[in-house]
Amino acid sequence: MELIIVDNYQELSERAAMLIVAEVEAKPRAVLGLATGSTPEGMYAELVKLNSEGKVDFSGITTFNLDEYAGLAPEHEQSYYYYMRHHLFNQVKIRAEQINMPSCDLENVDQFCFEYDQRIAAAGGIDLQVLGIGGNGHIGFNEPGDQLRVPTHLVDLTEDTILANSRFFSSVEAVPKQAVTMGLGSIMLANKIILLAAGKAKAEAITRTVSGLITTSVPASILQLHRDVTIIVDREAAGLLS
Ligand code: F6R
């Protein structure tokens, strides 16, 4: 694991964007795995800026998002599809047919999950996967528990996650209780992984990810087994690292 500690969120966003730009420059038809949430917002803003300055071209890439709330329609302002359109897809030239989002639809969800993994494999696998991390150590919505799952699947969100994400909703009750998430299989099969974390609420999860035991109670700890992970954290998120 390569650990990059930066001074602030802007620097984190720029460093992450630079890694994506380098990947797309080296491979214009790159397959990118994308995350949502607060953490990568600055990275997407940087990418949009670099694109508008003609410094990166996204027209050849294929994207696969990590997760989506179950039952939230794509038009819903808190859906991850809405987020991606708002922060990236509507702001850069990228072909709609190259965008892949997990389904919010609970009907035939198992079939959808199976096909999502097949689509990732058919695209040649993920070249570069961007991850955030939950304060509880989740990546995607692979939540802590007794077991971790390999394929894309429907997951019950933990109380921690529902509470953490309620800041985007009118109330805790309004937060969906389930999500469809890529499993650890597609994540671990990615060629390269970048994990981003900012703020002291992530400090414990980062310490356990970087230097703790590999355990299902900190799903991100499995990244220790991946051969090309770059973790970019601000000083607060790095605050408990020795
Ligand atoms: C989002 C995702 C989640 C978030 C994590 C951190 O697609 O997969 O794992 O990355 O919950 O969220 P923020 O960045 O909002 O703290």
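## Strand 9 and its partners

In strand 9 (192–197), Leu195 is the bridge partner of Leu131, strands here being DSSP runs of E of at least two residues and helices runs of H or I of at least four residues, both numbered from the N terminus. The model is predicted, so that local features need pLDDT of at least 70 and side-chain atom pairs count only at pLDDT 80 or more, while totals for chains, interfaces and linings use all residues. Residues are numbered from 1 along each chain as its sequence is written, and side-chain values use heavy atoms, with hydrogens and water left out.

Strand 6 and strand 9 run parallel and are joined by 4 bridges, and strand 9 also pairs in the parallel sense with strand 10 (residues 229–234), over 5 bridges; two strands count as paired if DSSP finds at least two bridges between them. In strand 10, Ile232 stands opposite Leu196. Of the 6 residues of strand 9, 5 are buried, where buried means under 20% relative accessible area, exposed over 50%, and partly exposed in between (1.4 Å probe, protein chains only).

## The sheet

The open sheet is formed by 7 strands with parallel pairing, in the order 1-10-9-6-2-3-5. Strand 1 and strand 5 (99–100) each have a single partner strand and stand at the edges, so one side of each lacks a neighbour in the sheet.

## Nonpolar cores

The largest nonpolar core, meaning a set of buried Ala, Val, Leu, Ile, Met, Phe, Trp, Tyr and Cys residues joined through side-chain atoms within 4.5 Å, has 42 residues, and Ile20, Met43, Leu47 and Leu88 have the most contacts inside it. Among the elements that each supply at least two residues of this core are strand 1 (2–6), helix 2 (41–52), helix 3 (80–89) and strand 9, while helix 1 gives the most, with 6 residues.

Leaving aside residues up to four places away in sequence, Leu88 touches Leu34, Tyr44, Leu47 and Val48, contact meaning heavy atoms within 4.5 Å. A second, separate core of 28 residues includes Phe112, Ile120, Leu131 and Ala205.

## Ligand surroundings

The ligand is surrounded by 14 residues, of which Thr39, Asp67, His138, Gly140 and Lys202 are the closest; a residue counts as near if one of its heavy atoms lies within 4 Å. An oxygen atom of the ligand lies 2.6 Å from a polar side-chain atom of Asp67, an oxygen atom of the ligand is 2.7 Å from a polar backbone atom of Gly140, and an N or O atom in the side chain of Lys202 is 2.6 Å from an oxygen atom of the ligand.

Key: Polar contact = N/O pair within 3.5 Å; in protein donor to acceptor, adjacent residues only side chain to side chain.
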